[in-house]
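Please look through the structure below with the account that follows, which moves from a pair of helices to the surroundings of the ligand and then to a sheet.

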Amino acid sequence: MKIAIVGFGVSGAALLMALKTTGKLDKNDVTVDIFDPREEFAVGPAYQKDTKYLLLNAFPTAMSLKNDEPMDFPNWLEEHYPEYESTVDLVPRTIYGEYAKERIEPLLELENVNYINQEVIDIEVRAEQNGLLYQLEDAQGELYDDYDYLFLAVGVPDYQDFYNLRGTENYVHNPYPVIEKLKDLDEDKHIAIIGSGLTAFDIVNYLSHEKKLTQPIGVFTNRPDFNSLRVSPYRGPALTYSLDKEWIDNELRTHKGYIPLERIVETVQADLIENNIDLNAIRAKYDPADLDKTYQTYFGQEHPDLSKVQAYIAKLSPNLGDLYMSLTKGDVVRFRLDYAPLFSHYQVRLAPDAVENMYHLTTEDKLFVVPDLVEIEKEDRFILKSLSGETFEADIVINATGFAYNTDLITSEDNALLRKLLDKGFLLDKEKRGILVTWPETKVMNQTFGKLDNCFYIGPWLTNTHFGNNNVKALVRKANEIVVNYMG
Ligand SMILES: Cc1cc2nc3c(=O)[nH]c(=O)nc-3n(C[C@H](O)[C@H](O)[C@H](O)COP(=O)(O)OP(=O)(O)OC[C@H]3O[C@@H](n4cnc5c(N)ncnc54)[C@H](O)[C@@H]3O)c2cc1C
């Protein structure tokens, strides 16, 4: 059996690990070819070699590459970096990259595993007597034939370009790896960061520690609040949690194939009451609208109620894909508008160290935040305008506005393979927001052959199916599920 894995970040690595832990790699007739043009394997852009000032946004217990061993990364951390508290510290992402490489390297040395350091630029599917087979072409024109199984794990979308600045001089569209992209910044220039999410914290953390900037950094955003911070993990009695697989299956039967959003909301509300969680009180406290209030809210205090909410959300996360896929189209839209931002506010955790650093920079006049950016023009310098009528000038603009989840915006330059596969109907998109796959198998839907039983897609481009999956835990779980339940 010939298997191809295209893309070898965390998703590809998790697939290979799952093939190993389930014994599939030990079979004599199995060979696995892995394709990725990156110098570093198993890390992708998130965990590649970079400055130590880029931190994880999830507890180490949520970062294991082995589905059944959540302590694998914390144990590794304890052994290699005992200075950290191994289950709770948001350690540098580059350390996670070291862990991933150390776990994957022995698998790459197996005789039946080949790591091919090339970009795949095209794929063809052929109907043969005993099923569909795949042929891959790499960027050098080399062909690789007859794969019985194909896994596509080609990663994150490109970054958004809200202000049409791509290609403009002194605009950094994709800031990673920051040690490369930002290393030659002129320290006397005015720097503007656009966006206030995790990437903005990464960049401020790097610049303030590694550069001697003489001008204050401007952080320009169009939403005033920040994600919630990592607080101590919840350690109280087990929480009541109702929306498990059994509940979902029952509800789907009752409602003939879908679950009304109201039903999900009222069940979550009942759980919250049962767990003594007052979400309104928590929102009133933990939705501060600026950095100053964020700092005053979080630092020097305990956060038992927020810990509980974050623990409840962690319980919800594994079922999120199934719940999302059980909604009607109209409810999906309502969910995205009314609930998804709230969910991600508490799901993604900012590293307290990075927030504390940003706060102290503001008190020392080394950083300022503009919460209502509306426009950027480029003349000799960049002109940034706020809704309140203020104008700011900057020499360098760094993009931290997040990913562009729109398949129409994929260019051949950014991802030649996805562009080609979408253009020729090998892949279909799901309402432009992602790749169309079956759920929960994540088998690819193809224009000619319909469902491809031996071709799976995994990764962030499935956000319109596998909602909330852009994290290691969800990707590792899905990789395992594919290999165990759906590969045959
Ligand atoms: C900056 C950042 C920080 C994050 N921090 C966290 C965190 O702390 N905790 C957490 O749980 N999650 C975090 N995430 C989210 C998540 O872990 C990543 O998005 C995840 O690593 C995605 O893995 P992936 O393998 O699907 O994609 P990627 O990591 O993007 O890997 C895809 C790989 O496919 C390769 N590829 C692409 N096209 C081709 C092709 N045509 N042929 C061959 N190879 C190809 C690429 O070179 C790349 O190596 C973070 C994400 C980012 C971007």
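In this predicted model, Val10, Ser11, Ala14, Leu15, Ala18 and Leu19 of helix 1 are in contact with Val472, Leu475, Val476, Ala479, Asn480 and Val483 of helix 16. Sorted by class, the residues of this contact comprise 10 nonpolar and two polar ones, with no charged residue among them. The axes of helix 1, which spans residues 10-21, and helix 16, which spans residues 472-486, come within 8 Å and cross at roughly 40°. Because the angle falls outside the ranges for roughly parallel, perpendicular or antiparallel, helix 1 counts as oblique to helix 16, and the crossing is right-handed.

The two helices appear again around the ligand. Of the 32 residues that surround the ligand, those that come nearest are Gly7, Gly9, Gly44, Gly155 and Gly459, and the elements that contribute two or more residues to this shell are helix 1 and helix 16. Helix 1 provides the largest share, three residues. By class, the shell holds 17 nonpolar, 11 polar and four charged residues.

Elsewhere in the chain, three strands form an open sheet in the order 12-13-14, with antiparallel pairing. Strand 12 (373-378) and strand 14 (391-394) are its edge strands, each of which pairs on one side only, and neighbouring strands of the sheet are turned by 25° against each other on average, direction ignored. Between strand 13 (residues 382-386) and strand 14, the antiparallel pairing runs over four bridges, and Lys385 stands opposite Thr391 of strand 14.

Technical notes: Residues numbered from 1 in each chain as written. Predicted model: local features only at pLDDT ≥ 70, side-chain atom pairs only at ≥ 80, totals over all residues. Axes fitted to C-alpha atoms, helices over the stretch in contact; angles between N-to-C directions. Parallel < 35°, antiparallel > 145°, perpendicular 65-115°, else oblique. Left-handed = near helix turned anticlockwise from the far one by under 90°. Contact = placed C-beta atoms within 7 Å. Nonpolar A, V, L, I, M, F, W, Y, C, P; charged D, E, K, R; others polar. Near = placed C-beta within 6 Å. Pairing = 2+ DSSP bridges.
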